[in-house]
Amino acid sequence: KRWESIYLIPRIFVYDNRIKDLQYQILYLFVPTNRLLYQMKKIASDKCDFCFLQKETLYHLFFECVKLRSLGFYVEEQCKYLCNEIIHLTCKDVILGYKFNENLNDKQVMINKIILYCKYYIWKSQKIDRIPSVQGFKSALEQHKTFDSALHKYINT
């Protein structure tokens with residue numbers, strides 16, 4: 001039951017196939033991070049493109065990187081307002097999905113959407129050699145709200 005929920009999250013929650021594809025690559029551990037590309041001898045270093053300190057693994061890129069922590073705090077802050085409770089996202093929440101093993105209410109669905117949009121924003125930023133920022137993520141959410149009516153309602157409240 002749990003794994004079924006994990007695979008349904010991107011399918012049900014977001015409209016953009018690029019975001020769905022990224023989440024499925026994450027779930028199958030097939031995101032071409034620098035660590036993987038280095039192992040395949042495609043690049044010269046396995047270090048993170050943002051902090052240059054640690055190996056760029058899936059977990060590092062989307063959860064642990066010190067250069068991206070402000071973005072993580074912003075996501076937690078937005079989620080706190082949605083659920084009216086303090087939320088501390090774990091690596092499992094970010095990689096697999098927030099409360100994926102429960103019947104999700106509207107607020108938890110929105111939290112999962114924001115996490116998916118954030119991961120896509122990080123991934124897209126890396127591809128264009130730009131360090132992700134809170135302001136950049138806010139702009140990205142503004143673009144997504146055009147196609148996502150629930151997100152549109154959330155951003156405008």
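Buried residues are taken here as those with under 20% relative accessible area, exposed residues as those with over 50%, and partly exposed residues as those in between, computed with a 1.4 Å probe on protein chains only. The structure is a predicted model, in which local features need pLDDT of at least 70 and side-chain atom pairs count only at pLDDT 80 or more, whereas totals for chains, interfaces and linings use all residues. Residues are numbered from 1 along each chain as its sequence is written, and side-chain values use heavy atoms, with hydrogens and water left out.

The secondary structure comprises nine helices and zero strands, where helices (H or I, at least four residues) and strands (E, at least two) are DSSP runs numbered from the N terminus. Along the sequence, the protein accordingly reads α-α-α-α-α-α-α-α-α. Of its 157 residues, 46% count as buried. Among contacts (heavy atoms within 4.5 Å) with a separation of 6 or more, 55% are accounted for by residues 24 or more positions apart.

In helix H2, which spans residues 17-27, the buried residues are Ile-19, Lys-20, Leu-22, Gln-23, Ile-26 and Leu-27. Viewed down the axis of H2, these buried residues fall within an arc of 160 degrees, and they therefore line one face of the helix; the arc is that of the directions from the helix axis to the C-beta atoms. In general, an α-helix has 3.6 residues a turn, so residues three or four places apart point the same way. Just after H2, Leu-29 adopts a positive phi of about 55 degrees.

The loop between H2 and helix H3 (34-39) contains Thr-33, which counts as buried because its relative accessibility is 5%. When its neighbours within four places in sequence are left aside, Thr-33 is in contact with Glu-56, Thr-57 and Leu-58. Thr-57 also appears in a pairing with Leu-36, a residue of helix H3: the C-alpha atoms of Leu-36 and Thr-57 are separated by 7.8 Å, although the two residues are 21 residues apart along the chain. Leu-36 itself, at 22% relative accessibility, counts as partly exposed.

A helix pair later in the chain is formed by H5 (residues 69-83) and H7 (residues 106-127), whose axes come within 10 Å and cross at roughly 165 degrees. The crossing angle makes H5 roughly antiparallel to H7, given that angles over 145 degrees count as roughly antiparallel, those under 35 as roughly parallel, those from 65 to 115 as roughly perpendicular and the rest as oblique. These axes are lines fitted to C-alpha atoms, for helices over the stretch in contact, and the angles run from 0 to 180 degrees between N-to-C directions. On the H5 side, the contact is made by Leu-71, Val-75, Cys-79, Leu-82 and Cys-83, and on the H7 side by Lys-107, Met-110, Ile-111, Ile-114, Ile-115, Cys-118, Tyr-121 and Ile-122. These residues divide into twelve nonpolar, no polar and one charged, with Ala, Val, Leu, Ile, Met, Phe, Trp, Tyr, Cys and Pro taken as nonpolar, Asp, Glu, Lys and Arg as charged, and the others, Gly among them, as polar.

Positive phi values also occur in two loop residues other than glycine. Phe-52, in the loop between H3 and helix H4 (58-64), has a phi near 60 degrees and, at 60% relative accessibility, counts as exposed. Asp-129, placed in the loop between H7 and helix H8 (134-145), has a phi near 55 degrees and likewise counts as exposed, at 71% relative accessibility.
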